[in-house]
Amino acid sequence: VMSHEIRTPLTNVLGFTSILERTPLTSEQSEYLGLVRSGGNYLLMLLNDLLDYTSVSSGRLDLHPETISVSEVAHEIIATHTPEA
């Protein structure tokens with residue numbers, strides 16, 4: 001239940017991020033907005049994984065392998081943490 005309660009406002013943040021991306025922005029603002037979108041998508045992925053885990057644990061979910069780009073994931077991690085560094 002808690003993950004569903006978190007996912008709803010996070011989906012709102014991502015939706016408004018998408019709307020903002022269609023407005024005139026400086027390159028710096030676009031970069032920051034991209035980081036917000038990337039971080040939000042990552043959090044949404046974590047929440048979905050949590051929901052999937054609980055479904056798998058209870059035997060209610062079938063798993064399907066998925067190919068990912070490790071370099072793309074690494075690039076997103078670096079871009080997300082560069083401002084903090």
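**Chatting through the helices and the pocket**

Colleague: Hi! Let's begin with G34. Which element is it in?
Modeller: G34 sits in helix 2. Keep in mind as we go that this is a predicted model.

Colleague: Sure. Is G34 buried or exposed?
Modeller: G34 counts as buried, because its relative accessibility is 15% and the cut-off for buried is under 20%.

Colleague: And how far apart are the C-alpha atoms of G34 and R60?
Modeller: They are separated by 35 Å, with the two residues 26 apart along the chain.

Colleague: Okay, new topic. How many salt bridges does the count come to?
Modeller: The count comes to one salt bridge. R37 pairs with E21, and their closest N and O atoms are 2.6 Å apart.

Colleague: Which parts does that pair tie together?
Modeller: R37 belongs to helix 2, residues 27-57, while E21 belongs to helix 1, residues 2-21, so the salt bridge links parts that are 16 residues apart in sequence.

Colleague: Why can side chains like that pair at all?
Modeller: Side chains of opposite charge can pair when their charged atoms come close.

Colleague: What about the accessibility of R37 and E21?
Modeller: R37 is partly exposed at 34% relative accessibility. E21 is partly exposed as well, with a relative accessible area of 33%.

Colleague: Good. Now pockets: what volume does the largest pocket have?
Modeller: Its volume is about 660 Å³. There are 21 residues lining the largest pocket, and M45, D49, E66, I68 and V73 are the closest to its centre.

Colleague: Which elements give two or more residues to that lining?
Modeller: Those are helix 2 and helix 3, the latter being residues 70-81. Helix 2 gives the most, with eight residues.

Colleague: And how does the lining of the largest pocket split by class?
Modeller: You get seven nonpolar, eight polar and six charged residues.

Colleague: Last topic, the surface. Which residues form a nonpolar patch there?
Modeller: Y42, L43, M45 and L46 do, and together they have about 380 Å² of accessible area. M45 is a name you've heard already, as one of the residues closest to the centre of the largest pocket.

Colleague: Oh nice. Where does L46 lie?
Modeller: L46 lies in helix 2. At 38% relative accessibility, L46 is partly exposed, and a patch takes residues with over 30% relative accessible area.

Colleague: Great, thanks for the tour!
Modeller: Any time!

Notes
Residues numbered from 1 in each chain as written. Predicted model: local features only at pLDDT ≥ 70, side-chain atom pairs only at ≥ 80, totals over all residues. Heavy atoms only, no water. Salt bridge = Lys/Arg side-chain N within 4 Å of Asp/Glu carboxyl O. Helix = DSSP H or I, 4+ residues; strand = E, 2+ residues; numbered from the N terminus. Buried < 20%, exposed > 50% of the residue type's maximum accessible area, 1.4 Å probe, protein only. 1 Å grid on protein atoms, 1.4 Å probe; cavity = no way out; pocket = protein on both sides within 12 Å on 5 of 7 lines; lining within 4 Å. Points joined across faces, edges and corners; volume = space filled by probe spheres on them. Nonpolar A, V, L, I, M, F, W, Y, C, P; charged D, E, K, R; others polar. Patch = residues over 30% accessible without salt bridge, like charges linked within 9 Å, V, L, I, M, F, W, Y side chains within 5 Å. Areas by Shrake-Rupley, 256 points an atom, 1.4 Å probe, with all protein chains shown as cover.
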